Amino acid sequence: MLLTITCTRPDDAAWAAGDLGYLLHKNPGRVQAFEQSYGTAHVMYPETDDRRCTAALLLEVDPVRLVRGKSRGTPEFSLGQYVNDRPYAASSLLAVTIAKVFGSALHGRCAQRPELAATALPLRIELPAVACKGGPETVRRMFAPLGWTVTATPLPLDPAFPDWGDSHYVRLELAGELRLADALTHLYVLLPVLDGSKHYWLDEAEIDKLLRFGEGWLASHPERAWITRRYLARRQSLVRVALARLAEVDDLEAEALGAVEEVGDDLADSGTTDSAGGREAPSETAPSTAESASAVDATTADDLASPSARYRSVIPACFWPGSAPGVAQPIAVDSGQKRAGTTGAGTVAVDGTGSRAVAATTAPTIAGAGADNAAAGGSMPSLAVTRRAAVIRALHEVGAHRVLDLGCGEGALLRELLADKAFTEIVGVDVAMRSLQIAKRRLARVPEWQARRVSLRQGALTYTDAALRGYDAAVLMEVIEHVDAPRLGALAHAVFGSAAPGAVVVTTPNSEYNALYETLPAGKFRHSDHRFEWSRCEFAAWARGICEKYGYEVRFEPIGVEDEALGASTQMAVFTKGTALVTNDGDEKGAA
């Protein structure tokens, strides 16, 4: 099988096309061979000069080597083991060869030309034969959202007999301006996905490979769920874990991507069990429109063309050094297009009082947005990421070391707290056993010595628990709006009166900001499970009532992009006990 990568130097570029050899770490002046367990890989340069350079990777697959190591259950002789398309069609064999032969380029490393490794180059990639039962349309749906111009030409079964029709192989040509590392990661992940099979055994390490090489693009890909299932060869236990980890990127519920499995009642049971029926295996052909709509965010072609469009909610200046403040524009999702497992404005309902919900995927469209974002360069963190960063910063400011995450949900904040050595003891509390099970599985991926700092407890936040007393701080991140208004008094007593930590950090949506969400009807909440959404004045009035009753002081901070009149999307209150912090009244304006 053959892969060619061609780089053409623009007229105004300061580098030569032949510098492609530096990026690939292969000398254009000679042919090199690399032995693989299944054959031999050859690297050569059919053409190279200052204007244009082409590198070719030719993989000669030895069918005998490929058969070696088969399990005992494999028949001693099967013609299909020796006569197949593996030596000719791009597959996981080529993907593994790319990782071994072009490993430094795949990871974006180049000591001789580091600035070139970070530069988007005019690239053209050609593959004479790619197996894809979905045909050219599937190939386009995989690569076009990543910035490629895709030419996929079906190959006939036999040119001499055109009536036989086309085969399920295509000739693939990709053209675009991307970093070489990005181009190689796209091939590494998507070639096995299109082929639909792998030549090696899959285990949990394959999930880490997928997320590592899919970083920066897989989470925002319109077909991310389908890609994940195919990459992991439909091993449902692996697929669910991978989709749950992808859901963390956008702070979605794992259910939104079909990543939740049935769990037992015993949280201490570390084993995981597949759901009784499992999920229906995806088709070998292209992902259907219905599947795409139910599994991924609605993302337009214009959004995909701009990396910064995926995360439009900019982080405050104190979290994002060197970036200029500006108005950003998150992606808008049609609230009428309900995905499977979602309700309302495109987010997932949460079972149980106190279980934290995700930020709404419906987002505001602000006039003039996007220009400042593009000027800042790069992709911006999502509102969920910004919110967690603000909470952690507030915990540092109050000097907290032992922290309660009340309504911890599936553990998105827990993992970030655990990554910060300043927090020596972390307790996650949630009423939903399923959320705690998912959180536990996520935390199981951290080293054991690190995991000792965190523990999980099931409990409703409207009931007192003596075990929660004596902590430095507690966090209620996007929790209170899920509690019925008549029960807020019980929650306040349990948290501020009974547990009485030294500080309490509370975040909740700012209802005034909802006017900027074009697809959110007037008077509707961002999430179907929200019992209420407060304006800044309403939140401040509740907070001051807490202070008067339980002896705390409070200051307020906005989180996310601030509108001059309506404030930010999320509002945060930091309650402190026994200190004399200055109260910030400037962020409490707005309609009562």
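These are some informal notes on the structure above, which is a predicted model.

1. Start with the overall make-up. The protein has 592 residues, and buried ones make up 55% of them. Its secondary structure comes to 20 helices and 14 strands, so there is plenty to find your way around, and the points below pick out a few places to look.

2. Next, the chain as a whole. Take the contacts between residues at least 6 apart in sequence: 75% of these join residues at least 24 apart. As for the outside, the protein exposes about 24900 Å², and carbon and sulfur atoms supply 52% of that area.

3. A good place to zoom in is the run of strands E2, E3 and E4. Strand E2 covers residues 32-36 and strand E3 covers residues 39-48; the two run antiparallel and are joined by five bridges. The link between E2 and E3 is a hairpin through two residues. If you want a pair to look for, find Glu35, which stands opposite Thr40 in E3.

4. Strand E3 also pairs on with strand E4 (residues 52-61), again antiparallel, this time through eight bridges. Here the hairpin from E3 to E4 goes through three residues. Val43 and Leu57 make a handy marker, with Val43 standing opposite Leu57 in E4.

5. Now have a look at Ser167, which sits in strand E7 (residues 166-178). Is Ser167 buried or exposed? Its relative accessibility is 18%, and because the cut-off for buried is under 20%, Ser167 counts as buried.

6. What does the side chain of Ser167 reach? One partner is the backbone oxygen of Leu155, at 2.7 Å. Another polar contact goes to the backbone nitrogen of Tyr169, which lies 3.2 Å from a polar atom of the Ser167 side chain. Setting aside neighbours within four places in sequence, Ser167 is in contact with Leu155, Pro156 and Leu157, so Leu155 turns up both here and in the polar contact just described.

7. On to the aromatic rings, where the count is 13 pairs. One of them is Tyr188 with Phe213: the ring centres are 4.6 Å apart and the planes meet at 50 degrees, so this pair is tilted. Tyr188 belongs to helix H8 (residues 180-195) and Phe213 to helix H9 (residues 205-213), which means the pair ties together parts that are 25 residues apart in sequence. Both rings belong to buried residues, with a relative accessible area of 6% for Tyr188 and 7% for Phe213.

8. Trp534 and Trp542 form another tilted pair, at 5.5 Å centre to centre with 40 degrees between the planes. Trp534 and Trp542 are both buried. These two tryptophans are also part of one aromatic cluster, whose other members are Phe496, Phe532, Phe539, Tyr550, Tyr552, Phe556 and Phe575. Try showing those side chains together when you look at this part of the model.

9. Last, two arginines that sit over rings. Arg113 lies over the face of Tyr22, at 4.3 Å from the ring centre. Arg402 does likewise with Tyr471, lying over the face at 4.2 Å from the ring centre.

Notes. Residues numbered from 1 in each chain as written. Predicted model: local features only at pLDDT ≥ 70, side-chain atom pairs only at ≥ 80, totals over all residues. Heavy atoms only, no water. Helix = DSSP H or I, 4+ residues; strand = E, 2+ residues; numbered from the N terminus. Buried < 20%, exposed > 50% of the residue type's maximum accessible area, 1.4 Å probe, protein only. Polar contact = N/O pair within 3.5 Å; in protein donor to acceptor, adjacent residues only side chain to side chain. Contact = heavy atoms within 4.5 Å. Areas by Shrake-Rupley, 256 points an atom, 1.4 Å probe, with all protein chains shown as cover. Phe/Tyr/Trp six-rings, centres within 6.5 Å; stacked < 30°, edge-to-face > 60°. Lys NZ or Arg CZ within 6 Å of the ring centre and 35° of its normal. Pairing = 2+ DSSP bridges.
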